Amino acid sequence: MILKRLMKEKEDKVYKRNAISYYNQPMRSSRYDPVKVRWEDKICQDLYRVMVNRLIERGEKLKILDFGCGVGYGYHLLSNILEEDASVEEDDCKLLNNNDIEYYVGLDINHDMLEIANDRYKGDEKVATRQCDFSRDEYPERQFNIYFSSGVPFSHFNDDDFSFLLKKIFKHIKSFERSAFLVVDVLGRYSIEWQSRWADPSWHVYNMSFFSDGKVNEQVYMKFWGKELNDFVIEAAQEAGVKAELFDTFDRSIFIGRHIDTGSFNTNLKPMRTMVNRLFYPLERAPLPDMFMDYKYGGAPEDVRAYYERITYLWNYALATASSYLDIPVPDWFEVDEAYAIPESLKSDLEHLGEITRDKEIYEHTDDFRADVFEPSLGYLLRNIERDYSEGLGAAHTLISIFEVSP
Ligand SMILES: C[S@@+](CC[C@H](N)C(=O)[O-])C[C@H]1O[C@@H](n2cnc3c(N)ncnc32)[C@H](O)[C@@H]1O
């Protein structure tokens, strides 16, 4: 008995509970999977870079107000943008240095999220958070030049409430008589994740089942946006007496959104996020022939359908070319279609992948050429199709539009 108690005491000393949860993390499915970090976040950061550079060129330091900041992820995203062409000799390839950000204020209604943000950034005096409802409460009396959102917080508002919120933001910008960027991040109306809902009103129930690895379903009303988002924002600006101009708009997570794999709204999808993650995981080969897309986009407006068909063709063409380098058979239904021009940048990415394959002996020191060299390169190449040819039609999990607002 005594021996058992002593053993238990020792056990508790050696492995405390938090250590156990540390070791108990899932080996594969995680919020910060390669698709999030190397694909979704990186596409956003590549596009935020243009906005950030514009401010830096004007001699401005970043002053960020983050709506629905959660654990402060917006600060992480913006402060970790990489330089576009960093030289390999440098250890640090971040675009911004410590002086480039003057301050970041994160607003969120959720106290627990803010506690994590505060803990995460406790040593960083530029970071402050405030618990508030950003649709009703006053904003800090400070000038900001990036009014930021990520993780679709503005999709929690129906049209009337969103218009009210936008005017509140524009009033704040106007009061400082300085121009600013506004980043609007919302759910895409025509994501294939919810193809069954395309004909429904754009304000409907959303199932956030990917929380807790799909075990807990949280049902909330959300607003899904297509390209009409941009006119909506511009109109709200006019009504608030400021000018909003579209700076950039893009669709993010076209074939790899989290609900592709949960199948919560569309059960006809392949688990593409899992398969793309396998392109990036070390020592693991992805099932390339299964990654070809053979979907039909019935029910989408004409421009969305045409866009999907083009992106699908580019995706399949890239996979077919990559498979041919490895002598892997492609599905017999896939045919080269001369009607689609292959953009020069994709051609050149594919040529580089071919060169890597021809030179594979050079990589003998790695463990598995296909898993460790070829597939991650193919992963970046597929990602760049989404980044370079997206049109901002709401044809993806997230639609992001950046506006330049002048008083
Ligand atoms: C999906 S999370 C995104 C968090 C973070 N921006 C990110 O990219 O990870 C949305 C956040 O918006 C917050 N939120 C939603 N409506 C809000 C409101 N009216 N006022 C303040 N925060 C709100 C939620 O509490 C939640 O933390």
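A residue counts as exposed here if 12 or fewer other C-beta atoms lie within 10 Å of its own, and as buried if there are 20 or more. With 9 C-beta neighbours inside 10 Å, Glu177 is therefore exposed. Please keep in mind that this is a predicted model. The points below take you through a bent helix, some paired strands, two loop residues that touch, two residues with positive phi, and the surroundings of the ligand.

**Helix α12**

- Helix α12 covers residues 369-389, and its 21 residues should span 30 Å at 1.5 Å a residue. The C-alpha atoms at its ends are 29 Å apart, which agrees with that expectation.
- Look for a bend of about 35° at Glu375; a proline, Pro376, follows within four residues.
- Glu375 is also one of the buried residues of α12. The others are Phe374, Leu378, Gly379, Leu382, Arg383, Ile385 and Glu386.
- What do these buried residues pack against? Their partners are four helices: α3 (34-57), α9 (272-280), α10 (302-325) and α11 (344-358).

**Strands around β7**

- Strand β7 (residues 219-225) runs parallel to strand β5 (residues 180-188), and 2 bridges join them. Leu187 has Phe224 in β7 as its bridge partner.
- Strand β6 (residues 203-207) is joined to β7 by 5 bridges, and this pair runs antiparallel. In this pairing, you can find Tyr206 opposite Val220 of β7.
- As a general aid to reading such strands, side chains in a regular strand alternate between the two faces of the sheet.

**Two loop residues in contact: Ala396 and Gly257**

- Ala396 sits in the loop between α12 and β9 (398-406). Is this residue buried or exposed? Ala396 has 28 other C-beta atoms within 10 Å, so it is buried.
- Setting aside neighbours within four places in sequence, the contacts of Ala396 are Gly188, Ser191, Asp251, Arg252, Ser253, Ile254 and Gly257.
- Gly257 belongs to the loop between β8 (243-252) and α8 (258-262). Because Gly257 has 25 C-beta neighbours inside 10 Å, this residue counts as buried.
- Again leaving out neighbours within four places, Gly257 is in contact with Ser191, Glu193, Ala396 and His397.
- Gly257 and His397 are 140 residues apart along the chain, yet their C-alpha atoms are separated by 5.5 Å. For Ala396 and Asp91, 305 residues apart along the chain, the C-alpha separation is 35 Å.

**Positive phi outside glycine**

- Glu177, the exposed residue from the opening, lies in the loop between α6 (159-175) and β5. Its phi is near 50°, a positive value in a residue other than glycine.
- Leu283 is not a glycine either, and it has a positive phi of about 60°.
- Where is Leu283 found? Its place is the loop between α9 and α10. Leu283 counts as exposed because it has 9 C-beta neighbours inside 10 Å.

**Around the ligand**

- How many residues are around the ligand? There are 17, and those that come nearest are Gly68, Gly70, Tyr73, Ile109 and Gly151.
- Helix α4 (73-79) and strand β2 (101-108) each supply at least two residues of this shell.
- By type, the shell residues divide into 7 nonpolar, 8 polar and 2 charged.

Technical notes: Residues are numbered from 1 along each chain as its sequence is written. This is a predicted model: local features need pLDDT of at least 70, side-chain atom pairs count only at pLDDT 80 or more; totals for chains, interfaces and linings use all residues. The expected span of a helix is 1.5 Å times one less than its number of residues. The bend at a residue is the angle between axes fitted to the seven residues ending there and the seven starting there. Two residues are in contact if their C-beta atoms, placed from the backbone, lie within 7 Å. Two strands pair if DSSP finds at least two bridges between them. A residue is near a molecule or strand if its C-beta atom, placed from the backbone, lies within 6 Å of it. Ala, Val, Leu, Ile, Met, Phe, Trp, Tyr, Cys and Pro count as nonpolar, Asp, Glu, Lys and Arg as charged, and the others, Gly among them, as polar.
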